[in-house]
Amino acid sequence: MIYDLIVIGGGPAGMTAAIYAASEGASVCIIEHNDRVGRKILSTGNGKCNITNMYIDQSCYHSSSGTDFYEVIKKCTPDDIRNFCMTMGIHTKDKNGYVYPYSEQASAVLDGFRSELKNRGVEVFTSVHITSVEKCGDVFKAECKEGLYTGRKLILAGGSRCAPGTGSDGSCYNYASSFGHGIVKVVPALTGLICREKYFKELHGVRAAAEITVKTDGKQDETLREHGELQFADYGISGIPVFQICGSIKRLLDEGKHPAVSIDLAYGIQKERLYEIINGIFLRCPWGSVSEALGGFVNKKLAVVIVKEAAVRPSAKCSELKPTDIIRICDTIKCLKATPSDTRGFEYAQCCAGGVSLEEIDMATMESKLVRGLYFAGEIMDVDGICGGYNLTWAIASGKLAGISSGKKYHD
Ligand SMILES: Cc1cc2nc3c(=O)[nH]c(=O)nc-3n(C[C@H](O)[C@H](O)[C@H](O)COP(=O)(O)OP(=O)(O)OC[C@H]3O[C@@H](n4cnc5c(N)ncnc54)[C@H](O)[C@@H]3O)c2cc1C
């Protein structure tokens, strides 16, 4: 059988594309190499699936190909996504802008997708790994061990390389390249940073509100400034603020640069005021040890590290401190060093930066500018969002557009 449309990859992007193409009247099949579609959805939002965000603008995304991609998102607003969820029988809720299924169960979203695929008559082939694709005349041929799938249109929606255990092995980049599409170097984004300092071993498990900033080869980078809950781990640092800068840090490291992260554990408090607070704490317990007393301001494990980094003996009595010691302690609270050597890699990343270059994709339709009838949807492309529902938003918005245009174009 020759399908009107073959979709490779049964993630949110591929499933959305298939649903919209089928609703345009096209015969559609999805080819997924896992034994079920949408496995990654189950891990999203800690199992709750943060599907979109009511606050959205261009600055929530990165791409090395300008900003045209944002037109795709403008055509599929957070309200459109919530309505799309409703058509799949999923009621959503808005928690401070972050949108989740009302049940807060990612499995509800996956079930909704699966039943909508069925309603729309989309054929789903699972446990099929496509090994090569080509266009022969007007027909695309997708080959796998078991045989061949043929279609008049093809959507590549195989995701990226992150969390490979969920099926994203990066294989679809090869098919895009085989059609002549350029691939912007793919790096892990939204993951933790491995740091050189030995003290992170002592800080494992600590969480603290902080602001992080980055200096690269001594120069402050104002675009890399985030705050929120930082998570310390034996390898380095993690948590949402770190996720947001990690793709940029990886690129800097790959360019041979030396980014240095500074952790401000008292952000919002000026240095002079911090000195008053810390000095006040030390004055109140002259016979207590400095590290114990500092536990009145920061987590106890952090207190020990800060005191050591400030070159003060942790067991020293508060009464022994000189003003210069207190200044050094305050400076360390405002600027604890974290020197990244790498990210935690694709295995732990929630998305990838880089991917199929947008230069050769028509953002009005998601169709390739190089090969007629070839489309792209989702994370496979060079667009990555920050944490907060923005990556699923991109997957659904680009999937919708690819589905509508490939489904419609069939009738042109
Ligand atoms: C732990 C975790 C938590 C996350 N939480 C959130 C969140 O709360 N909110 C948010 O917005 N984003 C979140 N994300 C990111 C989001 O899940 C992805 O951006 C999104 O799933 C991308 O959708 P996609 O369809 O493009 O790719 P994927 O979801 O990766 O789907 C691609 C599919 O293609 C299949 N495939 C690949 N190659 C082939 C092949 N050769 N043959 C056949 N099948 C193939 C894969 O098995 C996979 O099922 C999270 C990611 C992770 C890992």
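**View 1. The whole protein, with its twelve helices and 23 strands.** Helices (H or I, at least four residues) and strands (E, at least two) are DSSP runs, numbered from the N terminus. This is a predicted model, where local features need pLDDT of at least 70, side-chain atom pairs count only at pLDDT 80 or more, and totals for chains, interfaces and linings use all residues. Residues are numbered from 1 along each chain as its sequence is written. The C-alpha atoms fit in a box of roughly 85 × 45 × 35 Å along the principal axes.

**View 2. The shell around the ligand, 39 residues in all.** Gly-9, Gly-11, Gly-159, Gly-167 and Gly-378 come nearest (a residue is near if its C-beta atom, placed from the backbone, lies within 6 Å). Two or more shell residues each come from α1 (12–23), α2 (39–43), α6 (171–178) and α12 (390–409), and α12 chips in the largest share, four. By class, we're looking at 14 nonpolar, 20 polar and five charged residues (Ala, Val, Leu, Ile, Met, Phe, Trp, Tyr, Cys and Pro are nonpolar; Asp, Glu, Lys and Arg charged; the others, Gly among them, polar).

**View 3. Helix α8 (residues 271–284) against helix α11 (residues 323–334).** Their axes, lines fitted to C-alpha atoms over the stretch in contact, come within 10 Å and cross at roughly 120 degrees, on a scale from 0 to 180 degrees between N-to-C directions. Contact here means C-beta atoms, placed from the backbone, within 7 Å. On the α8 side, look for Lys-271, Leu-274, Tyr-275, Ile-278, Asn-279 and Phe-282; they meet Ile-326, Ile-327, Ile-329, Cys-330, Ile-333 and Lys-334 of α11. That patch splits into nine nonpolar residues, one polar and two charged.

Technical notes. Contact = placed C-beta atoms within 7 Å.
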